[in-house]
Amino acid sequence: MLHRTLSKSQHDVADHEENPYGVLFPWFTVLIGIFVYYIISRYAHFVPYTAVMFISGALMGFLSLHTFDNAIIESTRLWLGINGEVILLVFLPGLLFLDSYNINVYLFRQAFSQLLLFAFPMVLAGTSLTALVAYYILPYGWSFDLCMTFGSILAATDPVAVAVLLNELGAPSRLKIHISGESLLNDGSAVVFYHIFSLRFFYELGVEGFGEDIGWLRGLGLFLRLSLGGACIGIIFGVGLVTLLFNFNRRLSQEENVIQVTSTITIAYLAFFTSEIICHTSGIIAVVVCGITTKALGETLLNDSHLTHDFWHITEHLLNSVLFTLGGVVWGGVITSTEKNVRYFGGMDWIYVLLLFGLVVFIRFVLVFTFYPITSRIGIGTNWREAVFMSYGGLRGAVGIALALVLSAKISYYTESESLTEETRNQFREYADKLFGLVGGVAFLTLVINGPTSGPLLRVLGIVTPTITRQRVVAHYYEHMKLVILVDYLSLLAEPCFDGVDLGVIREHVSPLRDISEDDLNTAVEKYYKNCRDPNKTPNLSNIACYVSSSKSGNGERRLARTNPASRLLRTGPASERTCQSQQRQTLYDFNALLDENFVLEERSIFIELLRQEYHRQLTTGELDSRSFIPHCLLQSLDEADKGLPLNDWAASQMDGSTIAKKGDRALHAYRVGGVCNRKKARDIDFHVIRTQVLQALSFINAHRKAQETFKTEFASVNGNALALAEKTVLDESREQVSRADSAINAFDTEDVNAIKSQYICQILLHKSASYFEKHVKNGLMTEKEAGEFLMPFDRDLRKLRLSSELKTKIRQLNRRKIAPELE
């Protein structure tokens, strides 16, 4: 058996209290989780992450019994011997606080009567029914107290996978609060029942000080103390946390924002410890009530709510990864252990796992619909469709796994008592192993069966079917997105370096622009001019008119001029003339002031920081490809430029000076196009160098021009709309750098340069299209599923564009192929 096999190694570990290998297991599991997430997010999105981590842990548990010792195996065995109370203290506060804080407090208050019914009477009934199944059907000879302990462990539901699904599909708020609220409260009630019945079971072992013979009256008093006491402690700590958040009110202090986040996790863990260890009440209920209290009273007191949520999401991910892997290790050891060459967890046990899984789901349906006549008439109500989904979506997860680990750890520890006979010791260890094997099997089956099929069930029940009105709203978002990126495209055309880019090239790779009409273009032109701060920046529409679909005959440009109030934009003059016109507006300089070299140094440092900020903005918006060496070169050039000398960042940004960067960029290019195995594709490396130089120059020029505008705007109002000579010196240096970058572009073949510019604009517009919907999801205006229908094609187009732009043959085709509709 697992406990017997690992007992010696655990004793050896106990002799070395400062064994450093204990640090390895959690970070190794997180590393596994990184690879697991990458695989399932791209190739098996429907598979729950926690289920795969559980199976990974099971494999590690098998290897810990059947392979030679190494660092990972030793670290795994260290964690197998961890104290049961420590398991609860480490994992549960971090997992429960975020769920309780994310609750909708208003709906929680409205549905509180329903949630209480779900959490206490229904959990007790479910515990009892599951215990009867274990007592009368399972052939393990368990006492009824152990069966009740087993039932309380399986009564705790885990809504993580289902909650994510509900958010993605845009399920009704009522169903969300029922799922999440019930889970929070029944986790607390399940642990309370577990505490009571496990004490009675432990008492059967006969070890002094382990367990208690609790009568029914004493059990009722213990239930009230655990639940109500935990709630009171949670309120106290919640109010204390709100007080701390109220006093840390310096929103502009980043350090104070970090202290606020630190306060939340500190109070969450202290609330659990105080309630569970010091006051002997329910730590889970304390943490849940603390989180809800903080949400109700202190939500607006957070200086940086995004920082808080991001921190807690990271914490939840780390804890879930380690907990499910640890549970899988124990489960894997149980199901693969042998006793005298006989499989300890044999074929009949697997049959009982499947039978128990079906009965647990059936019991869940029975309970939900037994209480349905009441729950449908109180609180915020419910309907039969939501009741069906609640019954099916009752997954078992983190809390159940943690409780089973605690039971296994306690039995393993206390059965070492010398007062026990060998028969009793082996019997109770067998009880614990069989129980964990069944709990792990049921939890795994609910994750891999109920979890992935919950989405289709939602659709079959019609819970997330969008209405016609909602479909119109989403369609409106798409039309508005087309207008936004069309305006952005006009803004790019207003830049001299993009003057000759043809719409036919852009439409091939930017799908929202493929079906624009005259009205779309007219609206975009009006909007562009309305928002344009510089009237001299006018886009050249001569390359657009012939691609605009229209039911009328005639030249497209003349039609646009006839229908568009802003027809003065339609011009065919050379870019140089417009550039001269845009430069007629001169900046005033204060020549009365003497040139101060120290002031020049200070102004140059400010300008360099503006450039750095602009490069980071380009990375955020997709103008700079973060998966290339171009950002590295540009940002490094600023470090080279900030040495007290005149600006020379263009020369510093050239990759030719860095052999490592040059080789790394070529290796990345070969990897992208498959040149590692395909020499024909690798021959385009010379063109890749040209493409890299042009893209780097374009980003460089745009960053300098934006920085110049910001620089002049910031200082023009200081001294009567005049700039000092120090500012003029810095601006002249910047213009010189822009001129050098522009000369570098002009040195290449015009056809290649225009094709690269086209790809660059496509990349920008696709990223802007995606960010439009991502912003709507973040603001709650769209569900992830609704946005995903648009984001997935954009992501696919970006990957295709990135691959085609790496190859000379492809990028020349990009510039030559036109998609001009036939004009009637």
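What is the volume of the largest cavity? In this predicted model, the largest cavity comes to about 140 Å³. Its lining is made up of 16 residues, and those closest to its centre are Gly126, Ala155, Arg364, Leu367 and Arg396.

So where does that lining come from in terms of helices? Four of them each put in at least two residues: helix 8 (121-136), helix 9 (144-155), helix 11 (173-203) and helix 16 (347-370). Helix 8 has the largest share, with 5 residues. Sorted by class, the lining of the largest cavity holds 8 nonpolar, 5 polar and 3 charged residues.

The count of cavities of 30 Å³ or more is 6. Next in the ranking, the second largest cavity has a volume of about 70 Å³. There are 11 residues around the second largest cavity, and Asp625, Ser628, Ile630, Leu695 and Gln763 are the ones nearest its centre. Helix 31 (685-716) and helix 33 (750-778) each give at least two residues to this second lining, with helix 31 supplying the largest share, 3 residues. By class, the lining of the second largest cavity splits into 4 nonpolar, 3 polar and 4 charged residues.

Now for some helix packing, with helix 4 as the common partner. Two packed helices are described by the angle between their axes and the distance between the axes. Here are the three pairs.

| Helix pair | Angle between axes | Distance between axes |
|---|---|---|
| Helix 2 (residues 24-43) and helix 4 (residues 71-80) | about 110° | 8 Å |
| Helix 3 (residues 49-66) and helix 4 | roughly 105° | within 10 Å |
| Helix 4 and helix 15 (residues 305-336) | about 95° | 11 Å |

Take helix 2 to begin with. Helix 2 and helix 4 pack at about 110°, which makes helix 2 roughly perpendicular to helix 4, and the crossing is left-handed. On the helix 2 side, the contact uses Leu24, Phe25, Pro26 and Phe28, while helix 4 brings Ala71, Ile72, Ser75, Thr76 and Trp79. That contact contains 7 nonpolar residues, 2 polar ones and no charged ones.

What about helix 3? Its axis crosses that of helix 4 at roughly 105°, so helix 3 and helix 4 are roughly perpendicular to each other as well. Met60, Leu63 and Ser64 of helix 3 touch Ile72, Ile73, Thr76 and Arg77 of helix 4. The residues of this contact are 4 nonpolar, 2 polar and 1 charged.

Finally, there is helix 15, further along the chain. With an angle of about 95° between the axes, helix 4 and helix 15 are therefore roughly perpendicular to each other too. Thr76, Trp79 and Leu80 are the helix 4 residues here, and they meet Val322, Leu326, Val329 and Val330 in helix 15. By class, the contact of helix 4 with helix 15 has 6 nonpolar residues, 1 polar residue and no charged residues.

Which residues of helix 4 turn up again from one partner to the next? Thr76 is among the helix 4 residues that touch helix 2, and Thr76 is also listed for helix 3 and for helix 15. Ile72 appears in the contact with helix 2 and in the contact with helix 3. Trp79 takes part in the contact with helix 2 and in the one with helix 15.

Notes
Residues numbered from 1 in each chain as written. Predicted model: local features only at pLDDT ≥ 70, side-chain atom pairs only at ≥ 80, totals over all residues. Heavy atoms only, no water. 1 Å grid on protein atoms, 1.4 Å probe; cavity = no way out; pocket = protein on both sides within 12 Å on 5 of 7 lines; lining within 4 Å. Points joined across faces, edges and corners; volume = space filled by probe spheres on them. Nonpolar A, V, L, I, M, F, W, Y, C, P; charged D, E, K, R; others polar. Axes fitted to C-alpha atoms, helices over the stretch in contact; angles between N-to-C directions. Parallel < 35°, antiparallel > 145°, perpendicular 65-115°, else oblique. Left-handed = near helix turned anticlockwise from the far one by under 90°. Contact = heavy atoms within 4.5 Å.
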